[in-house]
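Trainee: Mind if we go through this one together? I'd like to ask about the helices first, then the salt bridges and the packing.

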Amino acid sequence: MRNTVLPAPASAETDRVAAAVRDGLCSLPKRLSPWLFYDEEGSRLFERITELPEYYLTRTERGILSENAGRIVESASNGDRLRIVELGAGSADKTRLLLAAAVRRQGGVIYEPVDVSPSALASAKQRIEREIPGVQVAPRVEDYTQGLVLDAEGPGERRLVLFIGSSIGNFEPLEAMGLLRGIRAGLRAEDALLLGVDLVKDEMQLLAAYDDAAGVTAAFNLNLLARLNRELGAEFDPAAFSHKAVWNAARSRIEMHLVSRTKQRVKIDSFEFEVEFEAGETIHTENSYKYRPGQAEEALRSAGFAPEKTWTDEQSWFAVVLGQAF
Ligand code: AVI
């Protein structure tokens, strides 16, 4: 019996995925947007990446926050009561460090995670309210890349927005500036932004972080094709592509690509479409920008935040910068 691959039922999310895929695979060079990585399997693989020995980013930033959470909360609050907003539905243990510091300082804290996924927000609410007494979670279903809309603060309150985890590194420099300005536009003067950026470092170390020995990052990259098979009825053979990470020094970014091992044609059922690949042709799937020391502070200043303080680790691998809105 012949296996029939049925396209997933149409939904707003499937339409969004289909539009991005059609657009990206019709471009030259071919590209796919990094937000496509994060279906259920991709999010699970990303969690595994954060625990890899080569992926220094998460544990280095966690170390910085663990050592300085009290100081960060103190500087951001400047004597007022803080509310903590996070762009993304909670980066688990790192956010927890700051929430716990705020609870210690002021007895309780309102935490406002902002995310497009209602289910990710609902599970963050359940988990955090159960695990950290004193935190009241007020989720906001919003696409923060389109700007930030928050309720008015009460008297004597100010906000600290967390944009940590090097998430800004996955945006192109102009988009990143637009994003920071959009965040600033949603805040009042004296609210604060905490930005986590990965810093430029030894090329071998950068490459290892994006091409680990256990192959988890390769699986994360290739899952993108498996996702298109599941959701769009595409017929990619993930084994016919290989994962590639390169350091682009001129643009200060790690690039991830999927390289076609052979000349091939791939059908994508849901939009009656065939894509052709030459042997060695790539799909560019992600950029991860690495900042020079001082560059994040410059970006913050030009978006309307006065850089107050920068914390780094001993090796200066990662920086966490606090900016105050002016
Ligand atoms: C989510 N983001 C900050 C990760 C990064 O390092 O750019 C995504 C990632 N891609 C490969 N490994 C991790």
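Trainee: At which residue does α8 bend?

Mentor: Keep in mind that this is a predicted model. Helix α8 takes in residues 216-232, and from first C-alpha to last it reaches 24 Å, close to the 24 Å expected. There is still a bend in α8, of about 30 degrees, and the residue where it sits is N223.

Trainee: How many of the 17 residues of α8 are buried?

Mentor: Buried here is under 20% relative accessible area. By that cut-off α8 is largely enclosed by the rest of the structure, because its buried residues number 15 of the 17.

Trainee: And which residue just after α8 has a positive phi?

Mentor: Look just past the end of the helix, which runs over residues 216-232. The phi there is about 65 degrees, and the residue is G233.

Trainee: Which residue forms a salt bridge with R230?

Mentor: R230 is in helix α8, and its partner is in the loop between β1 and α2, so the pair ties together parts 191 residues apart in sequence. R230 counts as partly exposed, at 43% relative accessibility, whereas the partner is buried at 9%. The closest N and O atoms are 2.7 Å apart, and the partner is D39.

Trainee: How many residues apart are E41 and R44 in helix α2?

Mentor: These two form a salt bridge as well, with the closest N and O atoms 2.7 Å apart. E41 is partly exposed at 29%, and R44 is partly exposed at 44%. About one helical turn separates them, because their spacing in α2 is 3 residues.

Trainee: Is E61 buried or exposed?

Mentor: E61 meets K94 in a salt bridge, 2.7 Å from N to O. That pair links distant parts of the chain, with E61 in helix α3 and K94 in helix α4, 33 residues apart. K94 has a relative accessible area of 6% and is buried. For E61 the value is 0%, under the 20% cut-off, so E61 is buried.

Trainee: How many salt bridges does the structure hold?

Mentor: Besides the pairs we went through, there's a network of salt bridges linking R83, E112, E153, E157, R159 and R188. For the structure, the count is 29.

Trainee: What gives the largest share of the largest nonpolar core?

Mentor: That core has 69 residues, and V21, V135, L160, L194, F236, F241 and I268 touch the most other members. The largest share is 8 residues, and it comes from α3.

Trainee: Which residue of α8 with an N in its name does F236 touch?

Mentor: Leave out residues up to four places away in sequence, and the contacts of F236 include L25, F241, V266, I268 and F277. L225 and L228 are touched too, and both numbers fall within α8, residues 216-232. The one you're after is N229.

Trainee: How many degrees of arc do the buried residues of α9 cover?

Mentor: The buried residues in this helix, residues 295-303, are A296, E297, A299, L300 and A303. They pack against α6, β7, β13 and β14. They are on the same side of α9, because the arc around the axis is only 160 degrees.

Trainee: Last one: which residue follows α9 with a positive phi?

Mentor: Helix α9 covers residues 295-303. The phi just after it is near 100 degrees, and the residue is G304.

Methods: Residues numbered from 1 in each chain as written. Predicted model: local features only at pLDDT ≥ 70, side-chain atom pairs only at ≥ 80, totals over all residues. Heavy atoms only, no water. Helix = DSSP H or I, 4+ residues; strand = E, 2+ residues; numbered from the N terminus. Expected span 1.5 Å × (residues − 1). Bend = angle between axes of the 7 residues up to and from the residue. Buried < 20%, exposed > 50% of the residue type's maximum accessible area, 1.4 Å probe, protein only. Salt bridge = Lys/Arg side-chain N within 4 Å of Asp/Glu carboxyl O. Core = buried A, V, L, I, M, F, W, Y, C linked by side-chain atoms within 4.5 Å. Contact = heavy atoms within 4.5 Å. Arc of directions from axis to C-beta.
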